[in-house]
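Visitor: I would like a close look at a single part of this structure, followed outward to whatever surrounds it. Could you take me through it at an easy pace?

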Amino acid sequence: MAIDAPLRQLAHRTGSGETTGGSWNTYALHPIPADRPVAGRTVAGMACPECSRLVRYSIVGPDGLRRRRLGWHIAAGGPVALIPVLFLPALAARTPAQAVALTLLGVALLPVLGFAIHWALQNARAEDGLRLLRDDGIHTLRKAGATSDFNAAMEA
């Protein structure tokens, strides 16, 4: 899948707060006028329309984008390779009860590996080769339309 322009936009945090259930943020989104270079990496900047601060970013060419997506696919392959390892201890069990217990443990860990695979493949699809060069706590990159988020608090 080739893309000529970044999928994500510059997000300026416009609000934040906390509730009993967690914290929230709101963002103003602005398209980034970045053209993908033919090769290598380009560093550029834009003035944030909200605060006028210069926000510097880099964008990689098609080869760099393919490498980044390949890296996420390789990261997804790690958990896939671990699936058979979950069940190897069951083969070495001394009793049928041990074999059943170890098999159930392997089955119980499958959702964790499934989540890791899903997360890596999701990042591969979302990879657009764009990075902010400095984290100032106010500006991030977000998908178009993603103007808010909520982070649930973990109860102790």
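Visitor: Let us take helix H1 as the part to look at. Which residues of H1 are buried?

Guide: Happy to, and one caution first: this is a predicted model. The buried residues of H1 are Gly 64, Leu 65, Arg 69, Ala 76, Pro 79, Leu 86 and Ala 90. These buried residues pack against two elements, strand E4 (54-60) and helix H2 (96-126).

Let us look at the helix itself before its neighbours. H1 covers residues 62-91, which makes 30 residues. From its first C-alpha to its last, H1 reaches 46 Å, close to the 44 Å expected at 1.5 Å a residue. The helix does bend, by about 25 degrees at Ile 83. A proline, Pro 84, follows within four residues of that bend. As background for reading the list of buried positions, an α-helix has 3.6 residues a turn, so residues three or four places apart point the same way.

Another proline, Pro 62, also lies in H1. Pro 62 counts as partly exposed because its relative accessibility is 30%, and a residue is called buried under 20% and exposed over 50%. Leaving aside residues up to four places away in sequence, Pro 62 touches Arg 36, Pro 37 and Val 38. For a sense of scale, take Pro 62 and Leu 102: they are 40 residues apart in sequence, and their C-alpha atoms are 45 Å apart in space.

Next comes the side of H1 that meets H2. The structure holds one aromatic pair. It is formed by Trp 72 and Trp 119, whose ring centres are 5.3 Å apart and whose planes stand at 85 degrees, so the pair is edge-to-face. Trp 72 belongs to helix H1 and Trp 119 to helix H2, so the pair ties together parts that are 47 residues apart in sequence. Both rings belong to partly exposed residues: Trp 72 has a relative accessible area of 24%, and Trp 119 has one of 43%.

Now for the sheet on which H1 rests. It is an open sheet of three strands in the order E3-E4-E5, with antiparallel pairing. Strand E3 (41-47) and strand E5 (130-132) are at the edges with a single partner strand each, so one side of each has no neighbour in the sheet. On average, neighbouring strands here are turned by 30 degrees against each other, direction ignored. H1 packs on this sheet by touching E4 and E5, and the direction of H1 makes about 85 degrees with that of E4.

Within the sheet, E3 and E4 run antiparallel and are joined by seven bridges. One residue pairing to find on your screen is Ala 44, whose bridge partner in E4 is Tyr 57. The loop between E3 and E4 holds Ser 52, and its backbone deserves a glance. Most residues other than glycine have a negative phi. Ser 52, however, has a phi near 65 degrees, a positive value in a residue other than glycine. Ser 52 counts as exposed because its relative accessibility is 59%.

To complete the picture, there is a second sheet to compare by eye. Four strands form this open sheet in the order E6-E1-E2-E7, and the pairing is antiparallel. Its edge strands are E6 (139-143) and E7 (148-152), each of which pairs on one side only. The twist from one strand to the next averages 40 degrees.

In this sheet, strand E1 (residues 8-19) and strand E2 (residues 22-30) pair in the antiparallel sense over nine bridges. E1 and E2 form a hairpin, with two residues between them. Among the paired positions, Glu 18 has Ser 23 as its bridge partner in E2, while Ser 16 stands opposite Asn 25 in E2. On to E7: five bridges join E2 to E7, and these strands run antiparallel. Ser 23 appears again here, standing opposite Asn 151 in E7.

So, back to your helix for a last look. The buried residues of H1 pack against E4 and H2, and the ring pair of Trp 72 and Trp 119 is edge-to-face.

How values were computed:
Residues are numbered from 1 along each chain as its sequence is written. This is a predicted model: local features need pLDDT of at least 70, side-chain atom pairs count only at pLDDT 80 or more; totals for chains, interfaces and linings use all residues. Side-chain values use heavy atoms; hydrogens and water are left out. The expected span of a helix is 1.5 Å times one less than its number of residues. The bend at a residue is the angle between axes fitted to the seven residues ending there and the seven starting there. Buried means under 20% relative accessible area, exposed over 50%, partly exposed in between (1.4 Å probe, protein chains only). Contact means heavy atoms within 4.5 Å. Two strands pair if DSSP finds at least two bridges between them. Axes are lines fitted to C-alpha atoms, for helices over the stretch in contact, and angles run from 0 to 180 degrees between N-to-C directions. Rings of Phe, Tyr and Trp (its six-membered ring) pair if their centres lie within 6.5 Å; planes under 30 degrees apart count as stacked, over 60 as edge-to-face and the rest as tilted.
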